[in-house]
Amino acid sequence: MRAMNDAIPTVRLRNPWRSNHPWIFQKLVDKPVSKPKPGSVVDIVGIDGDWIGRGFYNGHSRIALRILETDREVAIDAGWFARKIAAAVALRREVLQLDAISDAWRVVHSEGDGLSGLVVDRYGDLLVVEYFSAGMFRHREWIYDALRAQFPGCRFHAFADEHVQKQESFDFRGSEPAQPAIITEHGIRFRADPAGAHKTGFFADQRDNRQWLSQHVAGKRVLDLCCNTGGFGVYAAVRGAGEVVGIDIDEDVLAIARGNAKLNDARVKFIQADIFPWLRDAGQRGDAYDVVILDPAKMTRDREQVIPALKKYLDMNKLAMGVVKPGGLVATFSCTGLVSEDEFLGMLRRAAFYAGRTVQVLKVSGAGPDHPFLAQVPESRYLKAVFCRVLD
Ligand SMILES: C[S@@+](CC[C@H](N)C(=O)[O-])C[C@H]1O[C@@H](n2cnc3c(N)ncnc32)[C@H](O)[C@@H]1O
C-alpha cells in the first residue's frame, strides 16, 4: 500500500496544530516550493516535522488542506476511495436499512463520511455527484469506479456550483444532463431531476420529516410553503389531507411538482408566487390552514449575513403563523448551515411573539440519518426542523 505514499509531496504546517477537524486553513500552512496542483494528495507534517496525516492540498483555497487519512500505512489511491464509498453504502444499506423505505438516499455526505468535498445522492439507478473540493474533482475517475462497483449499471449526473469552482479553483461545466429518475419513498413516487430542479434534484434529507408530518394531516387543510417539487404537499394529499395548496416562486420546480401529484393520483393545487406577498394577502383574507409547512431555500453561506438571514426567517415565520388555525400544526425548517438550532428556536420565539400566537414545540429534528455529521465537524449539520402547534 505504500507505492503512492513515497511519491507524494509533503506540506508543512507553520504553527502547532491540535485539532481533529479535517480542514486546515491557509494561514497555518507553509506554501510548498513544489506547488502541487489544486486537489493533489500530499503528506502533512507538523511544525516539528511529525507526520499528521494525508489528504488534499489546495494552495488556491482558504481550506488549504483536507485531511482524509491518519494512518501512515494507508495510501490514498483507487482502493482507498473504493473502501470509503463501500463503507458509506454499508451504513445506508446494512445499518440504516434504507432500501426498505426508499430508493432515494444520500450515498456520501462529505465530511460526515470521511470524504471532504464530495456529495453523492442516489435516485434509483441515477447517481448525482456534486463536487465541493478540487481534490474530489481531481480524483473523479476513482470515485466513479467506486460508485459503479456499488451500483452496477448506474447512470451519472455530475456538477459543481460556480462559487465552489471559484473558491476551489477548478473548472467543470458538468456532465451531460442526465434523464430524470422516478423514485419511491415510503410508497410515494417522485421524479428526481438533477438537470431540471434545484441542487441534486430531490431533497432526500426531508424524508423522515415528510413521513412524520403526513401522519397528522388526514382530513386537514394543508399549506406547503416553498414546496419545491411537492415533497410535503404530495405526501399530505396521498395520506388523506382534505385540501392541499403548494406555493413556490419557481415555475420550473412547480411543473415537476404537478407531475409528482399526478404520479400518485393526488390532488394538490400548486401556485407560483413569492410567499411574502402571498401570505400577507392570505392573512388579510382570513384564509387559515390546519397544517402549514415552511421550508425555504438556504439564505446565506456568508457569516456576515447571518443576522439578515434570521430577520428573513423571522418575517416569513411570523407571516406563516398568521395563517394557522388555532390548534393547527406548523413544520418550519432552516437549511442554512450557519444558523444554529438555538438561533432558529430563538427566531421562532420572536416570530410567535410578534404574531401574537402561543407556539408549543412538539419535536425538533434535522436531516435523515443518511446525512451524518462528525461530532468534530458540526458545520456539516445544516437542516433544522421544528414541528409545533399554534395553541391560540
Ligand atoms: C429547500 S426547497 C424546499 C424543499 C421541499 N420542501 C421538498 O420537500 O422538496 C426551497 C424552495 O423554496 C423556494 N423559494 C425560495 N424563496 C421563495 C419565496 N420567496 N417564495 C416562494 N418560494 C420560494 C425555492 O424555489 C425552492 O423550491
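In what order do the five strands of the open sheet stand? The order is β1-β3-β4-β5-β2, and the pairing is mixed.

This is a predicted model: local features need pLDDT of at least 70, side-chain atom pairs count only at pLDDT 80 or more, and totals for chains, interfaces and linings use all residues. Residues are numbered from 1 along each chain as its sequence is written.

**The five-stranded sheet**

Strands here are DSSP runs of E with at least two residues, helices are runs of H or I with at least four, and both are numbered from the N terminus. Two strands pair if DSSP finds at least two bridges between them. The edges of this sheet are β1 (10–12) and β2 (23–25), each of which pairs on one side only. From one strand to the next, the twist averages 40 degrees. Such angles run from 0 to 180 degrees between N-to-C directions, with axes fitted as lines to C-alpha atoms, for helices over the stretch in contact.

Inside the sheet, β3 (residues 40–45) and β4 (residues 51–57) are antiparallel and share six bridges. Asp43 has Arg54 of β4 as its bridge partner.

**The four-stranded sheet**

Another open sheet has four strands in the order β6-β7-β8-β9, again with mixed pairing. Its edges are β6 and β9 (155–159); each has a single partner strand, so one side of each is left without a neighbour in the sheet. Here the twist averages 20 degrees from one strand to the next. Five bridges link β8 (residues 126–131) to β9 in the parallel sense. Glu130 stands opposite Phe159 of β9.

**A hairpin and a covered strand**

β10 (residues 181–185) and β11 run antiparallel and are joined by five bridges. Glu185 faces Ile188 in β11. Two residues lie between the strands of this hairpin, and His186 takes a positive phi near 50 degrees. β11 is mostly covered, with four of its five residues buried. A residue is buried if 20 or more other C-beta atoms, placed from the backbone, lie within 10 Å of its own, exposed if 12 or fewer, and partly exposed in between.

Lys199 sits in the loop between β11 (188–192) and α6 (207–214). It counts as partly exposed because it has 18 C-beta neighbours inside 10 Å. Its C-alpha atom is 9.7 Å from that of Val128, and the two residues are 71 residues apart along the chain.

**Helix α7 and the core**

How many of the eight residues of α7 are buried? Eight of the eight are, so α7 is largely enclosed by the rest of the structure. The cover over its buried residues includes β11, α6, β12 (221–225), β13, α8 (251–263) and β15 (289–294). Just after α7, Gly240 has a positive phi of about 95 degrees.

Ala237 is one of the buried residues of α7. It touches Val244, Ala261, Ala266, Arg267 and Val268, leaving aside residues up to four places away in sequence. Contact means C-beta atoms, placed from the backbone, within 7 Å. Ala237 is also among the residues with the most contacts inside the largest nonpolar core, which has 118 residues. Others in that group include Leu118, Val120 and Leu225. A nonpolar core is a set of buried Ala, Val, Leu, Ile, Met, Phe, Trp, Tyr and Cys residues joined through C-beta atoms within 7 Å.

**Around the ligand**

The ligand has 21 residues around it. Nearest are Cys226, Asn228, Gly231, Ile249 and Asp295. A residue is near if its C-beta atom, placed from the backbone, lies within 6 Å. The elements giving two or more residues to this shell are α7 (231–238), β13 (243–248) and α9 (275–285). The shell has 12 nonpolar, five polar and four charged residues. Ala, Val, Leu, Ile, Met, Phe, Trp, Tyr, Cys and Pro count as nonpolar, Asp, Glu, Lys and Arg as charged, and the others, Gly among them, as polar.

**Positive phi in two loops**

Lys35 and Gln97 have positive phi although neither is a glycine.

| Residue | Phi | Loop | Exposure |
|---|---|---|---|
| Lys35 | about 45 degrees | between β2 and β3 | exposed, 11 other C-beta atoms within 10 Å |
| Gln97 | near 55 degrees | between α2 (78–95) and β6 (104–109) | exposed, 9 other C-beta atoms within 10 Å |

Key. Contact = placed C-beta atoms within 7 Å.
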